[in-house]
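This report is for a reader meeting the structure for the first time. Please look over the sequence and the model before reading on.

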Amino acid sequence: MENQRLNEHSVTLRGELLTLRPMTENDWDTVQKWESDPEVLYYFDGDWITERELETTQMIYRGVSQNAFMFIAEYDVRPIGVCWLQKMNLDRISEQFPGHDLRRIDLALGEKDLWGRGLGTEMIRMLTEFGFERERCDAIFGCGTAEYNPRSRRAFEKNGYVLLEEVPQPEGMKAKAQYDLVRWRPDRRVSPPPPGTTA
């Protein structure tokens, strides 16, 4: 929708090192700096792209925000990344667990001088706690984590996420395989139905 705007919220999350504040329409310059960095996009996007136009960035983020809590991560008031907790939008996952409130976490740490310091791990922890304790969703996923991005997979695993499925990718794709990871709210853990059965 051409006139669609970010679906803004009023939730602020505070962790040990980071503050996650609501993303707003005033954040495009900050976000676009990361979306124009080939190194950041290499890990954040599954396609072979090195830069996004602002209009494309806005279309993607505004669309996601209609079903997500979108945040700017701040470290000592410095914006360092973007993350969100979104309602599950992948049929390959939602069809395995019908009737459950499933969410997914996506994130990008845009400031490269802060890579490797555990800040992505904290972003995931904060969003996971928010999803379970305040949203009371049943399960949260890290979806499509590429095999060339082991840091991302480790960050989810440090927060108690486990491998749900390895998804091989077609030849010629940037990733040879992607991994779906999941963590269930302790009182809501279920298993997917066996292959070939219906729930």
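The text below takes up a pair of helices, then the cysteines, then two residues in loops.

The coordinates come from a predicted model, and the values given here are computed from that model.

**The helix pair**

Helix α5 covers residues 119-134, and helix α6 covers residues 150-158. Their axes come within 9 Å and cross at roughly 45 degrees. An angle under 35 degrees would count as roughly parallel, and one of 65 to 115 as roughly perpendicular; α5 and α6 are therefore oblique to each other. The crossing of the two helices, α5 and α6, is right-handed.

Which residues make the contact between them? On the α5 side they are Gly120, Thr121 and Ile124. On the α6 side they are Ala155, Phe156 and Lys158. Sorted by class, this contact of α5 with α6 has 3 nonpolar, 2 polar and 1 charged residues.

**The cysteines**

How many disulfides does the structure hold? The number is 0. A disulfide is a covalent bond between the sulfur atoms of two cysteines. To count as one here, the two sulfur atoms must lie within 2.5 Å.

For Cys83, the closest cysteine sulfur is that of Cys137, at 15 Å, which is too far for a bond. Cys137 is in no disulfide either, since the nearest cysteine sulfur to Cys137 belongs to Cys143 and is 12 Å away. As for accessibility, Cys83 has a relative value of 0% and so counts as buried. Cys137 is also at 0% relative accessibility and is likewise buried.

**Two residues with positive phi**

Asp76 and Arg136 are taken together here because each has a positive phi while being a residue other than glycine. The table sets out the values for each.

| Residue | Phi | Relative accessibility |
|---|---|---|
| Asp76 | near 55 degrees | 61% |
| Arg136 | near 60 degrees | 46% |

Where does Asp76 sit? Its place is the loop between strands β3 (68-75) and β4 (78-87). Arg136 is found in the loop between helix α5 and strand β6 (139-146). Helix α5 is also a member of the helix pair described above, where it crosses α6.

Are these two loop residues buried or exposed? The cut-off for exposed is over 50% relative accessible area, and buried means under 20%. With 61%, Asp76 is therefore exposed. Arg136, at 46%, falls between the two limits and so counts as partly exposed.

Note on methods:
Residues numbered from 1 in each chain as written. Predicted model: local features only at pLDDT ≥ 70, side-chain atom pairs only at ≥ 80, totals over all residues. Heavy atoms only, no water. Axes fitted to C-alpha atoms, helices over the stretch in contact; angles between N-to-C directions. Helix = DSSP H or I, 4+ residues; strand = E, 2+ residues; numbered from the N terminus. Parallel < 35°, antiparallel > 145°, perpendicular 65-115°, else oblique. Left-handed = near helix turned anticlockwise from the far one by under 90°. Contact = heavy atoms within 4.5 Å. Nonpolar A, V, L, I, M, F, W, Y, C, P; charged D, E, K, R; others polar. Buried < 20%, exposed > 50% of the residue type's maximum accessible area, 1.4 Å probe, protein only.
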